[in-house]
Each structure stands twice: as structure tokens, then as C-alpha cells.
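Good morning, everyone, and thank you for making time for this. Please have a look at the chain on the screen before I start to talk about it.

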Amino acid sequence: MPNLFSNTKDAFLLKSDSELFRAKFLFNIINNRFLVKFGAYVANLTLKLKLPLKPIIKATVYNHFCGGEDEKQCELTIQNMFKHNVYSVLDFSTEDFNNESDFDLCYEKKISLIEYSKSKKEIPFTVFKPTCIGRASIFEKISLNNKLNENEKESWSRIKNRFHGICKKAKDNNVKILIDAEEFFVQKAIDKLALEMMIKYNKKQVIVYNTVQMYRHDRMRYLKKLILDYPEVLFGFKLVRGAYMEKERNRALKYNYKSPICKDKLTTDKNFDTAIDFVFKNLNQINFICGSHNELSTLKILDLMSYYNIDVNDDRVWFGQLFGMSDNISFNLAKSSYNVFKIIPFGPVKNLIPYLIRRAQENSSVKGQSGRELNLIQKEIKRRKLKKS
Ligand SMILES: Cc1cc2nc3c(=O)[nH]c(=O)nc-3n(C[C@H](O)[C@H](O)[C@H](O)COP(=O)(O)OP(=O)(O)OC[C@H]3O[C@@H](n4cnc5c(N)ncnc54)[C@H](O)[C@@H]3O)c2cc1C
């Protein structure tokens with residue numbers, strides 16, 4: 001049934017004909033699990049053997065899903081989207097960081113991105129992934145309540161300082177900050193720090209947002225407990241379904257514990273819906289972002305906004321999609337004046353290869369998602385052809 005998101009003319013207004021054909025080519029490949037597996041293998045080999053495939057990767061999948069190699073290269077995209085009321089969130093790619101000097105480098109980059117964003121109304125949020133500023137094994141030990149040795153205590157204290165440094169910089173410059181959610185084995189420690197940050201920096205307005213993965217069957221309990229235990233605190237939540245399902249299930253099997261993930265997609269969807277209802281009932285205390293490419297979830301929020309008489313551009317409610325995906329949601333929401341941003345990953349091509357492999361795998365494994373993108377792209381190509389003839 002046609003809805004607000006069926007309008008492909010507005011969805012793809014920033015895409016030239018050749019960019020649309022490139023998108024069609026890419027989603028055709030992504031639709032094919034075998035080709036995605038093969039592509040991932042070649043991309044990994046490119047990384048390992050330093051094969052000279054960068055120009056091909058750059059001209060295809062990189063240019064579709066990423067903004068550029070540095071902030072400057074992203075600027076045209078940011079400006080063009082903003083002309084159509086779509087905001088940007090720059091996400092510097094840091095997939096491979098795993099020692100203290102890498103973490104410091106990542107920290108400095110996040111600080112400089114807040115500095116860069118502070119005077120730009122087109123960039124209302126910045127974002128960071130906790131294990132890019134600290135060792136996953138330390139997050140894991142804290143999550144398990146394990147004792148730390150002296151070295152680990154020092155690492156944990158550095159992680160805390162980096163969290164505080166980023167959130168304070170965000171607060172001082174009035175740029176909101178999103179803390180990404182990660183795998184179950186590190187998430188308890190992330191939640192602990194995120195709560196500390198929200199208590200400290202969300203005094204008069206919400207600056208810090210934690211991410212809540214609703215594919216986890218325990219997350220409604222987590223949300224309810226926070227609101228019950230901290231009635232004075234202003235919370236920011238980015239609600240997502242969750243990106244690590246396969247890994248979580250494999251890890252639970254390997255270490256013989258109950259998987260933290262809902263038993264099926266329907267249960268995840270219901271959990272996501274329940275969280276949305278809960279958030280709307282507590283909007284006096286919660287600002288939230290719906291980080292999703294799901295049309296039904298988005299439409300549900302539009303209905304609730306209308307039911308609760310909430311202005312379309314009320315700052316307490318935002319929508320977020322990833323660059324290169326679901327432009328039909330982003331641009332059509334923006335046209336109706338809702339608050340919407342795209343997360344734009346950027347950085348050197350080699351740093352972004354793991355991200356690109358994940359996007360391709362996610363699209364090919366999520367039933368219907370790449371098919372939906374492809375249908376919309378084909379529909380727009382056809383519409384443009386008819387218009388010309
Ligand atoms: C702006 C933005 C920010 C994001 N930030 C994060 C983040 O910080 N951390 C993070 O983990 N992810 C993050 N994601 C990714 C997100 O969690 C989802 O993986 C992705 O958006 C797909 O879910 P969906 O709601 O868009 O679409 P849908 O296609 O409706 O849902 C797909 C999702 O449903 C769930 N699912 C699928 N099959 C099953 C099954 N059999 N059983 C149980 N659940 C199932 C999985 O979570 C899967 O990703 C972000 C996404 C966006 C758009």
C-alpha cells in the first residue's frame with residue numbers, strides 16, 4: 001500500500017541518473033548472498049595483501065555508503081542534504097583501533113569532530129563507539145564484575161576519562177552526543193558509563209544519548225528500571241533493533257549461555273514497539289531517536305506524535321538512517337518537517353572496508369531490506385525514463 005515513503009522522486013532527488021544506476025548495480029549484487037560472500041572475501045584479501053583495488057571500491061560501494069575520506073570531502077553532501085532539511089552526523093571510522101595510542105588518537109578525533117560540528121546547524125549530533133576509545137576486554141571484565149589488576153585499573157580509568165572528556169566537550173559546545181551500543185559482553189560497562197554521563201551532563205537539556213538494542217529481550221526491564229530509579233534524570237535514548245545478532249547467537253552457543261537476543265524477528269519488532277510506546281509515555285523525561293530503516297516503526301511514531309499532539313519538529317523526537325540506505329524514509333520525513341539525520345561514515349577507504357562488508361552482509365541477511373531498496377531504485381529509474389519520453 002502506498003504511504004509517505006513511496007515517493008521516490010523526493011527520496012532520490014540528490015541522486016543523479018548515473019548514481020541511481022550505480023545504486024541499482026550495487027543492490028543487485030547485495031541481493032545475492034553468494035556475491036556478497038565473494039565480495040567480502042575479495043575485500044578482506046585486499047586489506048591483507050594490500051591489493052590495488054582501492055579505486056574500484058571507492059568508485060562503487062564506498063561512494064554509495066560513505067561521505068569521503070575526511071570532513072572536507074563530506075561537506076558538499078552535508079550541504080546538499082541540508083537544503084532538503086536532512087541533517088548529518090559524521091562518524092569517523094575507527095574499526096581497527098586496539099591499543100592505547102589508537103584509543104588516544106580516536107579520542108582526539110572525536111574531540112575535533114565536536115569542535116568542527118559546534119557552529120554547524122547541519123550537524124546536531126556527534127557519535128562514538130565505546131570500544132574505539134578503550135579495550136573491549138576491560139569493558140568485558142567490568143561487565144562481568146571481575147576484579148581488575150593494576151594495569152587494567154589504569155586502562156579503565158583512562159576509558160572513564162575519555163568518556164568524560166568527550167561528553168564534557170559536547171556539553172560545553174552544545175553538540176549532542178550519541179553513544180553507540182555494542183555486543184552483549186561489553187554492554188553492561190557501556191551502560192554504566194552512559195548512565196554516569198547522562199546524570200552528569202543532561203542537567204537542563206539532553207546532551208548524552210545511550211543506545212538501546214531492542215533485539216535484546218531484557219531491554220524493556222532496563223528502560224523501566226532507569227525511569228523508576230532516576231525520576232530526576234533527563235535521559236536520551238537512541239532506540240535500535242541491534243546489529244550483532246549472528247555474533248551474539250554464536251557466542252552464546254560457544255560459551256553455553258542463554259542468548260540475549262529475542263527468539264525471532266516478530267518478538268524483536270514487538271519489543272521495539274513496546275519501547276516506542278514506553279518512550280512516548282515518558283517524554284517529559286526522555287528525548288529519543290528512532291535509529292531504524294523500518295517503515296512500520298517510523299509510521300507508528302508519526303501516529304503517536306499526532307496522538308500526543310507533538311509538533312513534527314519537536315526536538316525530543318528524531319529519526320536516523322544510515323547514509324546510502326532508506327532515503328525514501330529520510331527525505332520524505334524531512335519534507336514533512338520531521339527531525340531527521342543520516343549517519344555519514346567517513347575516513348580512508350581501507351578503514352571503511354569492514355564497515356562496508358557489514359552493510360552488504362546486513363542488507364543481504366535482512367529479509368526484504370535490499371529487495372525494498374532495489375524496488376525503490378528501479379521505480380525511480382522508470383519514473384525518470386517516463387518523464388523524459
Ligand atoms: C541511525 C542508526 C544508528 C544505529 N546505531 C546502532 C548502534 O549503536 N548499535 C547497534 O547494534 N546497531 C545500530 N544500528 C543498526 C540497527 O541496530 C539495525 O541493525 C539496523 O538498523 C536494521 O534494523 P531496522 O530497524 O532498520 O530494520 P528491520 O529490517 O526491521 O530489522 C532488522 C533487525 O531486526 C532484528 N532481527 C532480524 N532477524 C531477527 C531474528 N530472527 N530474531 C530476532 N531479531 C531479528 C535484527 O536486529 C536486525 O538487524 C543503527 C542503525 C541506524 C539506522
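I will go through the sheet, then the helices beside it, then the cores, and finally a few single residues.

Before that, a word on what we are looking at: this is a predicted model, in which local features need pLDDT of at least 70 and side-chain atom pairs count only at pLDDT 80 or more, while totals for chains, interfaces and linings use all residues. Residues are numbered from 1 along each chain as its sequence is written, and side-chain values use heavy atoms, with hydrogens and water left out.

Let me begin with the sheet, and with how its strands are defined. Helices (H or I, at least four residues) and strands (E, at least two) are DSSP runs, numbered from the N terminus, and two strands pair if DSSP finds at least two bridges between them. As general background, strands of a sheet pair through backbone hydrogen bonds, either parallel or antiparallel. Here we have an open sheet of eight strands, in the order β1-β8-β7-β6-β5-β4-β3-β2, and the pairing is parallel. Why do β1 and β2 each have one side without a neighbour in the sheet? β1 (87-92) and β2 (125-128) stand at the edges and each has a single partner strand, so one side of each is left without a neighbour.

If we walk in from β2, four bridges join β2 to β3, and these strands run parallel; within that pair, T126 has I177 in β3 as its bridge partner. The next step, from β3 to β4, is made by three bridges, again between parallel strands, and there L178 is the bridge partner of Y209 in β4. Further along, β6 (residues 286-291) and β7 (residues 317-322) run parallel and are joined by four bridges, with I289 standing opposite W318 in β7.

How covered are these strands? I call a residue buried when its relative accessible area is under 20%, exposed when it is over 50%, and partly exposed in between (1.4 Å probe, protein chains only). In β4, six of the six residues are buried: V208, N210 and V212 point one way, Y209, T211 and Q213 point the other way, and all are buried. In β2, both faces are covered as well, with F125 and V127 buried on one side and T126 and F128 buried on the other.

Now to the helices, where contact means heavy atoms within 4.5 Å, and where axes are lines fitted to C-alpha atoms, for helices over the stretch in contact, with angles that run from 0 to 180 degrees between N-to-C directions. Helix α9 lies across β3, β4 and β5 (235-240), running at about 150° to β4. Helix α7 (residues 136-143) packs against α9 at an angle of about 80°, with the two axes 7 Å apart. Angles under 35 degrees count as roughly parallel, over 145 as roughly antiparallel, 65 to 115 as roughly perpendicular and the rest as oblique, and α7 and α9 are therefore roughly perpendicular to each other. Among the residues that meet there are F139 and I142 in α7, and F185 and L193 in α9.

That brings me to the cores, and a nonpolar core is a set of buried Ala, Val, Leu, Ile, Met, Phe, Trp, Tyr and Cys residues joined through side-chain atoms within 4.5 Å. The largest one has 80 residues, and F237, F280, F288 and F319 have the most contacts inside it. Its largest share, 10 residues, comes from helix α9 (residues 184-201). There is also a second, separate core of 39 residues, which includes F65, V127, V206 and M325.

Finally, some single residues. Is K176, which sits in strand β3, buried or exposed? K176 is buried, with a relative accessible area of 9%, and its C-alpha atom is separated by 4.4 Å from that of I207, 31 residues apart along the chain.

Most residues other than glycine have a negative phi. N309, in the loop between α13 (295-307) and β7, has a positive phi of about 55° although it is not a glycine, and N309 is exposed, with a relative accessible area of 70%. S326, in the loop between β7 and α14 (327-335), has a positive phi near 50°, but S326 counts as buried, at 0% relative accessibility.
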